[in-house]
Amino acid sequence: MGELERFALVPLVELERAEDALPIADAFLAAGLPVMEIALRTPDALQAIEKLAAYSELLLGAGTVCTIAQAQRAAEAGAAFLVSPGFDRELVEWCLEWDMPILPGVATPSEAMAARALGLEVVKLFPAEALGGIRYLKALAAPFPGLRFVPTGGIALQQVSDYLALPQVYAVGGSFLCPRELLRSRSWDALRRLAEDALRSRR
Ligand code: 3PG
């Protein structure tokens, strides 16, 4: 998962059709952003992860992982990291036991403390913008030196550089990197250009 910091962007992909998985991956790879988080919120998500697992150059994650059973299925399908909207101690412990990198969501200091108590160094901040965005992130991070965040939720492309300017920010995630309209219209070139723009907008 260390590679996530290098690319600093985590496109959240909500796939309606498993057959779109490969063209989407091709668009991201062509842009130079070999990262995808497939949200486990559509019936085709696990099948898409299985297809994408063949792309060894892709840093492939499963998102919206809420249970250990989902974590197991995502790992079996080939996910290399997991993302959860919230903090579930048992889920995190399962991931630590099986050496599966996980970004659990935190929204409060108590959850950040729970994550730290388990030895985590990077967590997702969700829902980042609704919580108060950069101002909230700075306030939340202050008591936890060394803890890094992947803010996600309501973030737009124009905000990427401001988030990434904060040392506490490890990467920025969101569906803004893979908008539903582009998937529905199968606009793979536009998706590639969007990823290129996002990469250019980093610090
Ligand atoms: C998530 O699951 O991380 C969020 O739904 C992403 O939020 P966004 O769609 O507002 O980027």
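A polar contact is a pair of N or O atoms within 3.5 Å, and the legends below apply this to a predicted model.

**View 1. Polar contacts between the ligand and Lys 124, Gly 154 and Ser 175.**
An oxygen atom of the ligand lies 2.6 Å from a polar atom in the backbone of Gly 154. From the side chain of Lys 124, a polar atom comes to 2.5 Å from a ligand oxygen, and for Ser 175 an N or O atom of the side chain is 2.5 Å from an oxygen atom of the ligand. The ligand taken alone exposes 310 Å², and 80% of that area is buried by the protein.

**View 2. The surroundings of the ligand.**
The space that the ligand takes up is the largest pocket. The residues around the ligand include Leu 12, Arg 41, Thr 152, Gly 153 and Gly 174, and Lys 124 and Phe 126 are also among them.

**View 3. Lys 124 and the ring of Phe 126.**
The charged end of Lys 124 is placed over the ring of Phe 126, at 4.7 Å from the centre of that ring.

**View 4. The aromatic pair of Trp 94 and Trp 98.**
The count of aromatic pairs comes to 1, and this pair is formed by Trp 94 and Trp 98, whose rings are 6.2 Å apart from centre to centre, with a tilted arrangement and 35° between their planes. Trp 94 counts as buried because its relative accessible area is 13%, which is under the 20% limit, whereas Trp 98 counts as exposed because its relative accessibility is 55%, which is over 50%.

Technical notes: Residues numbered from 1 in each chain as written. Predicted model: local features only at pLDDT ≥ 70, side-chain atom pairs only at ≥ 80, totals over all residues. Heavy atoms only, no water. Phe/Tyr/Trp six-rings, centres within 6.5 Å; stacked < 30°, edge-to-face > 60°. Buried < 20%, exposed > 50% of the residue type's maximum accessible area, 1.4 Å probe, protein only. Lys NZ or Arg CZ within 6 Å of the ring centre and 35° of its normal. Near = heavy atom within 4 Å. Polar contact = N/O pair within 3.5 Å; in protein donor to acceptor, adjacent residues only side chain to side chain. Areas by Shrake-Rupley, 256 points an atom, 1.4 Å probe, with all protein chains shown as cover. 1 Å grid on protein atoms, 1.4 Å probe; cavity = no way out; pocket = protein on both sides within 12 Å on 5 of 7 lines; lining within 4 Å. Sits in = over half its atoms within 2 Å of the grid points.
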